[in-house]
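Here's a quick tour of the pockets in this model and of the ligand that comes with it. Have the structure open and follow along.

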Amino acid sequence: MVRGIPETAAPLIPPRPTLPKLREAAAACRACDLWRRGTQTVFGEGGRSARLVLVGEQPGDREDLEGRPFVGPSGQLLDAALGEAGIDRKLAYVTNAVKHFKWEPRGKKRIHQKPNAVEIAACRPWLDAELAVLRPEVLVCLGATAAQALLGRTFRVTKSRGALIPSPLAPHVIATVHPSSILRAPDEAARRREREMFVRDLRFAARYLARA
Ligand code: URA
């Protein structure tokens, strides 16, 4: 809340939105304070005809610099896992719950900070507008931030990953872990195990694309 005004991107959504119009409008978004820290808005990426939408948390360091979602280490893992699950990333739309990089300095590094509920809520109209334009057949939430933003604060990825979740957002909604959690696994064996489960969840999502 800034001087009694709720932080929301809602007034910035253009009439009769299209993806290019939304991207252009989002570039000037100052609905919350994160624009001060990020280099630029990192809007979603993918074709208008994408039937699969993947939603992450927020852009990371690389994404912030390049202005594209999931192009850093998590993105590379995601691309490889999508490939193994038989999904071409070029046919998917990839976006984030929050579209600016939230970070704090530690030495020369920019360390990721989790977005808070106000920032997530402020950014939500962009995600809703992307989903309204795309109307995907399958929606995959990557990690707790995206899942809780879209499916409710009490949603637990650990409990409900890899299963269909009834939701008005898309005919088939699935949540799985965020690829960065796989990169952070404590050892090689855990990483391999986590990665296999991630690919399994994406394969499950791919089934509904094949059917549609
Ligand atoms: N993590 C995310 O959640 N999104 C990105 O775009 C990159 C890393």
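By class, the lining of the largest pocket comes out as nine nonpolar, 11 polar and eight charged residues. Keep in mind that this is a predicted model. The space in this pocket is about 730 Å³. It takes 28 residues to line it, and the closest to the centre are Ser74, His112, His178, Ser180 and Arg184. If you'd rather find your way by secondary structure, look for the elements that put two or more residues into the lining: helix H2 (61-66), helix H3 (73-84), strand S4 (109-112), helix H5 (144-151) and helix H7 (179-183). Of these, S4 gives the most, with four residues.

Now for the ligand. Where does the ligand sit? You'll find it in the largest pocket. The residues around it are Gly56, Glu57, Gln58, Pro59, Gly60, Glu63, Pro69, Phe70, Asn96 and His178. Sorted by class, this shell holds three nonpolar, five polar and two charged residues. His178 is worth a second look: it belongs to the shell around the ligand, and it is also among the lining residues closest to the centre of the largest pocket.

Three polar contacts to ligand oxygen atoms are worth clicking on:

| Residue | Protein atom | Distance to a ligand oxygen |
|---|---|---|
| Glu57 | polar backbone atom | 2.8 Å |
| Phe70 | backbone N or O atom | 2.8 Å |
| His178 | polar side-chain atom | 2.6 Å |

So how much of the ligand does the protein bury? Taken alone, the ligand exposes 240 Å², and the protein buries 93% of that. Note that Glu57 makes its contact through a polar backbone atom and Phe70 through a backbone N or O atom, whereas His178 uses a polar side-chain atom.

There's a second largest pocket to look at too, with a volume of about 210 Å³. Its lining is made up of Lys114, Pro115, Asn116, Ala117, Ile120, Ala121, Ala144, Thr145, Gln148, Ala149 and Arg153. Two elements give two or more residues to this lining, helix H4 (117-134) and H5. Which of them supplies the largest share? That's H5, with four residues. By class, the lining divides into six nonpolar, three polar and two charged residues.

One last thing to look at is H5 itself. This helix gives two or more residues to the lining of the largest pocket, and it also provides the largest share of the lining of the second largest pocket.

How values were computed:
Residues numbered from 1 in each chain as written. Predicted model: local features only at pLDDT ≥ 70, side-chain atom pairs only at ≥ 80, totals over all residues. Heavy atoms only, no water. Near = heavy atom within 4 Å. Polar contact = N/O pair within 3.5 Å; in protein donor to acceptor, adjacent residues only side chain to side chain. Areas by Shrake-Rupley, 256 points an atom, 1.4 Å probe, with all protein chains shown as cover. 1 Å grid on protein atoms, 1.4 Å probe; cavity = no way out; pocket = protein on both sides within 12 Å on 5 of 7 lines; lining within 4 Å. Sits in = over half its atoms within 2 Å of the grid points. Nonpolar A, V, L, I, M, F, W, Y, C, P; charged D, E, K, R; others polar. Points joined across faces, edges and corners; volume = space filled by probe spheres on them.
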